[in-house]
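Here is a short walk through one protein model, for someone meeting it for the first time. Have a look at the sequence and the fold, and then read on.

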Amino acid sequence: MNLSEHSYAVSLEWTGNRGTGTSGYRSYGRDHIVRADGLPDLAGTADPTFHGDRDRWNPEQLLLTALSQCHMLSYLHVAVKNGITVLAYNDDAEGTLRLNRDGSGEFTGVVLRPQVTVAAGNSTTTAEELHAEANRMCFIARSVNFPVLHKPEIITTG
């Protein structure tokens with residue numbers, strides 16, 4: 001096994017054919033199922049603005065989720081390496097998508113707002129500074145072409 005390369009696989013099945021396929025823009029559903037071996041199915045759709053279902057995940061939410069998850073996991077790693085004991089971690093992430101006249105679009109930026117609780121006696125300055133290192137370590141943040149900013153709040157116990 002090559003430790004420097006990892007592969008990931010998912011399957012996607014469109015379930016939005018309402019009987020006439022894509023005969024018209026409003027004639028088909030955007031629903032789909034994402035599958036990966038050993039995991040529960042993920043119900044996906046388009047953003048409601050683009051005729052998606054509010055009760056399903058859309059790709060934009062999933063990209064934002066991936067960035068938030070990756071940052072948290074990277075942060076927990078660098079915290080351990082730097083002697084910071086994290087007791088709780090929450091994030092309220094937001095992303096901005098710009099639509100273009102031709103119907104395309106792209107994310108222009110993401111802001112993560114992690115709220116991190118560290119054990120008493122830990123340096124809140126170090127805990128805050130580690131977000132920059134976590135961003136450098138995050139595989140997903142390194143893979144996107146827009147800025148991923150951080151506005152952390154550090155809380156100590158006791």
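Helices and strands here are DSSP runs, numbered from the N terminus: a helix is H or I over at least four residues, and a strand is E over at least two. With that in hand, V10 sits in the segment before β1. A bit of housekeeping: this is a predicted model, where local features need pLDDT of at least 70 and side-chain atom pairs count only at pLDDT 80 or more, while totals for chains, interfaces and linings use all residues. Residues are numbered from 1 along each chain as its sequence is written, and side-chain values use heavy atoms, with hydrogens and water left out.

**Three strands in a row**

Two strands pair if DSSP finds at least two bridges between them. Strand β1 (residues 11-14) and strand β2 (residues 32-35) run antiparallel and are joined by four bridges. On its other pairing, β2 runs antiparallel to strand β3 (residues 42-44), with three bridges between the two. I33 is a handy landmark: E13 stands opposite I33 in β2, and I33 in turn stands opposite A43 in β3. In a regular strand, side chains alternate between the two faces of the sheet.

The hairpin of β2 and β3 has six residues between its strands, and in this hairpin G38 takes a positive phi near 80 degrees. Further on, in the loop between β3 and α1, you'll find H51. Phi of H51 is also positive, near 70 degrees, and H51 is a residue other than glycine.

**Who is inside, who is outside**

Which residues are tucked away and which face out? The scale is relative accessible area, found with a 1.4 Å probe on protein chains only: buried is under 20%, exposed is over 50%, and partly exposed is in between. Here are five residues on that scale.

| Residue | Relative accessible area | Class |
|---|---|---|
| H131 | 2% | buried |
| S68 | 15% | buried |
| H51 | 27% | partly exposed |
| P59 | 47% | partly exposed |
| V10 | 62% | exposed |

What does buried H131 touch? Contact means heavy atoms within 4.5 Å. H131 lies in helix α2 (residues 124-137). Leaving aside neighbours within four places in sequence, H131 is in contact with H71, Y75, Y89, P114, V116, H150, P152 and I154. S68 belongs to helix α1, and its contacts, not counting residues up to four places away in sequence, are D91, A93 and L112.

V10, at the exposed end of the table with 62%, still has company: with neighbours within four places set aside, V10 is in contact with V34, R35 and A36. V10 and H131 are 121 residues apart in sequence, and their C-alpha atoms are 30 Å apart in space. P59 is in helix α1 too. From the C-alpha of P59 to that of M72, 13 residues apart along the chain, the separation is 20 Å.

**The disulfide**

How many disulfides does the structure hold? Just one, where a disulfide is a pair of cysteine sulfur atoms within 2.5 Å. The partners are C70 and C138, with sulfur atoms 2.4 Å apart. This pair links distant parts of the chain, 68 residues apart: C70 is in helix α1 (residues 59-81), and C138 is in the loop between α2 and β8 (148-150). The torsion about the S-S bond is about 140 degrees, so the disulfide is right-handed. Both C70 and C138 are buried.

**Two pockets**

Rolling a probe the size of a water molecule over the atoms shows where empty space is left. A pocket, on a 1 Å grid over the protein atoms alone, is an open set of points with protein on both sides within 12 Å along at least five of seven lines, for a 1.4 Å probe; lining residues have an atom within 4 Å of a point. Points are joined across faces, edges and corners, and the volume is the space filled by probe spheres set on them.

The largest pocket holds about 310 Å³ of space. Both disulfide partners, C70 and C138, are among its lining residues, which also include Y8, H77 and F139. Helix α1 gives the most to this lining, with six residues.

The second largest pocket has a volume of about 170 Å³. Its lining takes in V10, along with V34, R35 and A36, among others.
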